[in-house]
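Got the model open in your viewer? Let's walk through it together, one selection at a time.

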Amino acid sequence: MRKFVLLLMTAIILTMASAAFAASYPSKNFECIAPAGPGGGWDTTMRMVAKVLTEQKLVTTAMPVVNKPGGGGGVALTYMQRKKGDPYELIVFSPPLILINLTGQSKLGYKDITPISMLINDFGAFAVPKNSKYKSLNEVFEAIKKDPKSVKIGGTSSLGSMDHVQFLVAAKAAGVTDLKGIQYIAFQGGEGLAAIMGAHIDLLSTGMAELVGPKESGDVKILALTSPKRIPSGPLADVPTLYEIGINAEYINWRGIFGAPGMPEAERKFMEDALKKMTETADWKEICERNGWTQVYLNAAEFKSFLDKSNEETKSLLAEIGMLQN
């Protein structure tokens, strides 16, 4: 009986301590991780999230963003393992979180961090230099069919990660059979944009938001987007989808916020609620419209179910193009 009472008292004390801690949360600055260099989709998303959360006073402590590029997100994912249980570590991720695990680039995956909220769907884009000989994406694929090594494809993710895979998905749908023969060069952050604007590569596969500025300045021409439907307004409204140019494919780049592995439940719930409120603000809606992001909010439970389903679907896709390792 005495042992039971002691256990009960211990449980009550721990619960009260947890509640007291949660009530004071947050009480210090966060570290918000973008798993790539400045200027890319992860970086932009994390910075906009931190900006709106703090400006709307949904989070009352500072949320500095730290870039940890490398390995298609693998470097940042490994870093998060050292922050187990820390409620002040946040990270943004998207399909590479699943891809780098299934293609064997990392032993870690989506189960090794804590899902908090999915926020948006973004889409990919394929751009060529302003003076490119290629006037359409179909011309690019015809050249690849004749000689896969004749076209240099660049991307801002690692081999077998999102920018590479979204191009392979489009290529396969366009009738390219030698997918492994396609020459893909991985860049970090803004290096890919510099390469395409300098005509050092023939085509850049990346997120569409990253190409808005270069398109508006006339430095690149965007040949197609991977969105299911054309973007209704803004600087990308004149760019066709893959479907519109006769390629029966799409590729959705979801993005969401995660905590460290083992993030305490009370603090996770606080961040989930704060992110939900953020998505309802005019500032966030304007940011999404400006970047061409589609708002698709999922809470933690819904996000976890989505990730489980997406993992299985991605396995099938990678197996089909010969890149499944795990």
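One term before we start: a salt bridge here is a side-chain nitrogen of Lys or Arg within 4 Å of a carboxyl oxygen of Asp or Glu. Keep in mind as well that this is a predicted model.

**Stop 1: the two domains**

Select 30-121 together with 252-320 and give them one colour: that's domain 1 in the domain assignment. Now colour 123-245, which the assignment calls domain 2. The centres of the two, taken over C-alpha atoms, are 24 Å apart. Where they touch, domain 1 brings 26 residues to the contact and domain 2 brings 18 residues.

**Stop 2: the place where they meet**

The size of an interface is often given as the accessible area lost when the parts come together. Between domain 1 and domain 2, the buried area is about 1,600 Å², and carbon and sulfur atoms give 59% of that. How many salt bridges are there between domain 1 and domain 2? Zero! What you can look for is polar contact: two residue pairs make one between the domains, both at pLDDT 80 or more.

Next, show the domain 1 side of this contact. The elements that give two or more residues to it are these:

- helix 4 (96-102) and helix 10 (282-291)
- strand 9 (252-259) and helix 11 (300-320)

By type, the residues on this side are ten nonpolar, 14 polar and two charged.

**Stop 3: Ser161**

Jump to Ser161, in the loop that runs between strand 5 (152-155) and helix 6 (162-173). Is Ser161 buried or exposed? Ser161 counts as buried, because its relative accessibility is 0%. Show what surrounds Ser161: leaving aside neighbours within four places in sequence, the contacts are Gly72, Pro96, Leu99, Ile100 and Gln105.

**Stop 4: some backbone oddities**

Most residues other than glycine have a negative phi, and most peptide bonds are trans. Now for some exceptions.

Zoom in on Tyr25 and Pro26, which are joined by a cis peptide bond with omega of about -5°. You'll find Pro26 in the loop between helix 1 (2-23) and strand 1 (31-34).

Then pick Lys57, in the loop between helix 2 (41-55) and strand 2 (65-67). Its phi is positive, near 60°. Lys57 is also exposed, since its relative accessible area is 66%.

Last selection: Ala199, in the loop from helix 7 (191-197) to strand 7 (203-207). Phi of Ala199 is near 60°, again a positive value in a residue other than glycine. With 52% relative accessibility, Ala199 counts as exposed.

How values were computed: Residues numbered from 1 in each chain as written. Predicted model: local features only at pLDDT ≥ 70, side-chain atom pairs only at ≥ 80, totals over all residues. Heavy atoms only, no water. Domains from an automatic or database assignment. Contact = heavy atoms within 4.5 Å. Buried area = accessible area lost by both parts, 1.4 Å probe. Polar contact = N/O pair within 3.5 Å; in protein donor to acceptor, adjacent residues only side chain to side chain. Helix = DSSP H or I, 4+ residues; strand = E, 2+ residues; numbered from the N terminus. Nonpolar A, V, L, I, M, F, W, Y, C, P; charged D, E, K, R; others polar. Buried < 20%, exposed > 50% of the residue type's maximum accessible area, 1.4 Å probe, protein only.
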